[in-house]
Amino acid sequence: MESYEFERNQVASLNLGNFYRLIHGKHKALYGDNGANNIRDNIEETFKSCLIQCQNNPNNPNVLLVGKVQSGKTSNLELFTALAFDNGFDLVVIYGGYDNSLLKQTTDRFKKTFDIPNEIDYSNSEPVIFSSDDSTTLLNVTDENITDFLEAKKPIFLVSMKRPAAMRKINKLLKDIDRTKIKSFIIDDEGDQASLNTEKNKKESASATYAEICTMKELLSNPLYLSVTATPQANIFLDEISRLRPASVRLIEPG
């Protein structure tokens with residue numbers, strides 16, 4: 001069995017740009033200096049560790065993030081996403097729940113935190129966000145649109161319900177665009193639920209949600225994949241044939 005690494009790596013300094021300053025500032029207003037700085041210290045270290053893993057182990061960029069219930073998980077993911085956008089990533093896929101209410105909650109949370117307007121404005125670098133529950137808009141996004149977003153330095157959120165039909169909408173979009181221009185990562189919230197292959201013969205078969213995640217990873221050239229959970233046992237003990245087996249584990253510390 002692999003040994004999982006918990007060490008705290010030191011690497012070159014990160015670009016703490018506009019997205020970082022926006023999110024860290026909002027966290028200070030919400031949680032005070034101490035709470036916001038705790039999130040900052042943990043996520044800067046976590047992000048550096050993820051970059052090192054992607055460089056040193058490109059065949060397995062899967063990271064398991066473990067946080068207790070009410071540990072400030074979403075706030076940590078907000079700052080992680082901000083750091084990613086400031087440091088060369090331009091697209092994130094978020095699995096945002098199992099029903100429309102949870103999906104809307106996730107979408108609205110990131111829209112509010114990142115100041116994403118309802119109408120796309122190409123004159124600024126505010127992100128754009130598309131949700132799998134808005135099929136009309138999502139399925140009309142073209143390669144030309146994606147190119148325009150990238151040229152305008154506008155990061156892209158794709159938020160999907162964790163159901164095969166919804167994830168297929170995201171995968172259809174990804175198939176239709178030039179993915180060579182994109183540097184992406186995936187956030188799988190509650191990564192121990194539905195994501196894992198539940199088929200008995202795992203070598204020969206794949207359950208529907210797991211299969212869509214694997215397709216997405218292939219389309220995005222095996223990107224950084226963050227599986228987030230408070231109950232990590234099933235993920236830690238995944239066998240080697242699982243495409244979601246983590247190569248490292250990190251703790252999400254309370255703010």
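The protein has eight helices and seven strands, and I should say at once that what we are looking at is a predicted model. With 255 residues, a compact globule would have a radius of gyration near 18 Å, and the protein has 17 Å, which agrees. Along its principal axes the C-alpha trace spans about 50 × 45 × 35 Å, and 53% of the 255 residues count as buried. The accessible surface comes to about 12100 Å², and 48% of that belongs to carbon and sulfur atoms. If we take the contacts between residues at least 6 apart in sequence, 82% of them join residues at least 24 apart.

Let me start the closer look with strand β4, residues 156-160. How many of the five residues of β4 are buried? Five of the five are, so the strand is largely enclosed by the rest of the structure. Ile 156, Leu 158 and Ser 160 point one way, while Phe 157 and Val 159 point the other way, and the residues on both sides are buried. That fits the general pattern that, in a regular strand, the side chains alternate between the two faces of the sheet.

Which strands, then, are joined to β4 by bridges? Five bridges join β2 to β4, and these two strands run parallel; four bridges join β3 to β4, and this pair also runs parallel. Ile 156 is a useful residue to find on the screen, as Ile 156 is the bridge partner of Leu 91, and Val 128 likewise stands opposite Ile 156.

Now to helix α3, residues 100-113, which has 14 residues and reaches 20 Å from its first C-alpha to its last, close to the 20 Å expected at 1.5 Å a residue. In this helix Leu 103, Thr 106, Thr 107, Phe 110 and Thr 113 are buried. Seen down the axis of α3, the buried residues fall within an arc of 140°, so they line one face of the helix. In general, an α-helix has 3.6 residues a turn, so residues three or four places apart point the same way. What covers the buried residues of α3 includes α1, α2, β2, β3 and β4, whereas on the other side of the helix Ser 101, Gln 105 and Lys 112 are exposed. Just after α3, Asp 115 takes a positive phi of about 55°.

The other helix I would like to show is α6, residues 164-175, which has 12 residues and reaches 16 Å from its first C-alpha to its last, close to the 16 Å expected at 1.5 Å a residue. Pro 164, Ala 166, Met 167, Ile 170, Asn 171, Leu 173 and Leu 174 are buried in α6, and the buried residues of this helix pack against β2, α4, β4 and α7. Strand β4 is therefore part of the cover for α3 and is also among the elements that α6 packs against.

Finally, a single residue, Ser 132, which lies in the loop between β3 and α4. Is Ser 132 buried or exposed? At 3% relative accessibility it counts as buried, because the cut-off for buried is under 20%. Leaving aside its neighbours within four places in sequence, Ser 132 is in contact with Leu 103, Leu 138, Val 159, Ser 160, Met 161, Ala 166 and Lys 169. Among these contacts, Leu 103 is one of the buried residues of α3, Val 159 and Ser 160 are buried in β4, and Ala 166 is buried in α6.

Methods
Residues numbered from 1 in each chain as written. Predicted model: local features only at pLDDT ≥ 70, side-chain atom pairs only at ≥ 80, totals over all residues. Heavy atoms only, no water. Expected span 1.5 Å × (residues − 1). Buried < 20%, exposed > 50% of the residue type's maximum accessible area, 1.4 Å probe, protein only. Arc of directions from axis to C-beta. Contact = heavy atoms within 4.5 Å. Rg over C-alpha atoms; globule rule 2.2 N^0.38 Å. Areas by Shrake-Rupley, 256 points an atom, 1.4 Å probe, with all protein chains shown as cover. Pairing = 2+ DSSP bridges.
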